[in-house]
Amino acid sequence: MARIVAIFPNEGSQYVGMGKEFYAKSITAREFFDKAEKLLELKIAKTCFLGPKEDQDKIVNAHLITFVCDVAFLDPLVQNRRKPELLTGIGVGEVAALVAAESLPYINALQYVVKRASILEKFAQKHGGAALSISGVTLDQLNPILERETGNLLVTHYLAPDTFILWGTLEAIDSLQAETQGLRQIKTNPQLPRGPLFSPRAAELEGDLDRLLTECLGEAKLKNPKISFHRCSDGEYVGTPEAVRDVLTKQYSRPVDWPATVKAANHRGFRTWVEVGPGKVYGTMVRKVDTDNRVSNVEDVKSLTTTVKITG
């Protein structure tokens, strides 16, 4: 049986209808929704299943529903005797991975995710700007065009050798899109505006996030991950409560380095990747980093069935 890396995606991957099948067919998966709704007094399942998309994309809703789905979707995989041996994720996906690793209790993580999202919303409003994914360029080709007359662009996500996410002023993003328009090999796609997260500018959040984590943990304690966990900023292994806290409070201060994360897992002999949660963006990037990787996902019954077959 294959040794599996589970990827837990970040918000931005949410869509109307996500989680509906697992909610109906898995009692354990449904319990994650029910616990969250009882604790937070929010109609999480309804937002996941019926939307509308505009409501799903609001920062607080996006973080919360993606986190709940990330955690809940793992159970059907485990019930099919496909327990991952390595965990990683991006944004709320890293929080979900730490819950799956039994390093962070689910209820405490829920409170942290939803309260943190309000802090992130204020951060986005403060800094404004826009975000854009760009593919079809190498880093060497990208670097010279990051300096714009209307403000320099920051690389917040290194997703693959030819794929990145950028943040900058709206004018700088618009000028880059205008410059690359008509170039067939280059594709751009606007992202949800969240401010300069995953960059050194977000270091201003660290103090607030550290205090919030302490508040949300209460009497609970962070524990050593019971399943191997690698952070997405550089692919490094995280194995102590202190290092886990560092991830939770500083994850937005560092760019995502997905190629480094993939290579670190490959170096340990992992070649089978399953994206657990809505969408399959990050799994696609795994193949871009190294085509010898085998990738699938778990977001509904059909994808679960396929994953069980190819990982047996």
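What is the volume of the largest pocket? The answer is about 720 Å³, and please keep in mind that this is a predicted model. The second largest pocket holds about 200 Å³ of space. Below you will also find a look at helix α14 and at the cysteines.

**The largest pocket**

- The lining of the largest pocket is made up of 34 residues. Nearest the centre of this pocket lie S133, L159, I165, Q191 and Y282.
- Two or more lining residues come from each of these elements: the strands β3 (130-135), β4 (154-160), β5 (163-168) and β6 (187-191), together with the helix α13 (281-289).
- The element that gives the most to this lining is β6, with five residues.
- Sorted by class, the lining of the largest pocket has 16 nonpolar, 13 polar and five charged residues.

**The second largest pocket**

- If you would like to select the lining of the second largest pocket, pick T28, F32, V71, L74, D75, V78, K83, V99, A100, E102 and I227.
- Helices α2 (27-40), α5 (59-79) and α6 (92-100) are the elements that give two or more residues to this lining.
- Of the elements, α5 gives the most to the lining of the second largest pocket, namely four residues.
- The class split for this pocket is seven nonpolar, one polar and three charged residues.

**Helix α14**

- Helix α14 spans residues 301-310, and its buried residues are S303, L304, T307 and V308.
- Viewed down the axis of α14, these buried residues fall within an arc of 135°, so they line one face of the helix.
- K302 and K309 are exposed and sit on the face of α14 turned away from its buried side.
- The packing partners of the buried residues of α14 are α1 (20-25), α5, β10 (272-276) and β11 (294-298). Helix α5 thus appears here as well as in the lining of the second largest pocket.

**Cysteines**

- How many disulfides does a search of the whole structure find? The search finds zero disulfides.
- C69 is in no disulfide: the nearest cysteine sulfur belongs to C48 and is 3.9 Å away, whereas a disulfide needs the two sulfur atoms within 2.5 Å.
- C69 is buried, with a relative accessible area of 0%.
- C216 also counts as buried, because its relative accessibility is 4% and the cut-off for buried is under 20%.

Conventions:
Residues numbered from 1 in each chain as written. Predicted model: local features only at pLDDT ≥ 70, side-chain atom pairs only at ≥ 80, totals over all residues. Heavy atoms only, no water. 1 Å grid on protein atoms, 1.4 Å probe; cavity = no way out; pocket = protein on both sides within 12 Å on 5 of 7 lines; lining within 4 Å. Points joined across faces, edges and corners; volume = space filled by probe spheres on them. Nonpolar A, V, L, I, M, F, W, Y, C, P; charged D, E, K, R; others polar. Buried < 20%, exposed > 50% of the residue type's maximum accessible area, 1.4 Å probe, protein only. Arc of directions from axis to C-beta. Contact = heavy atoms within 4.5 Å.
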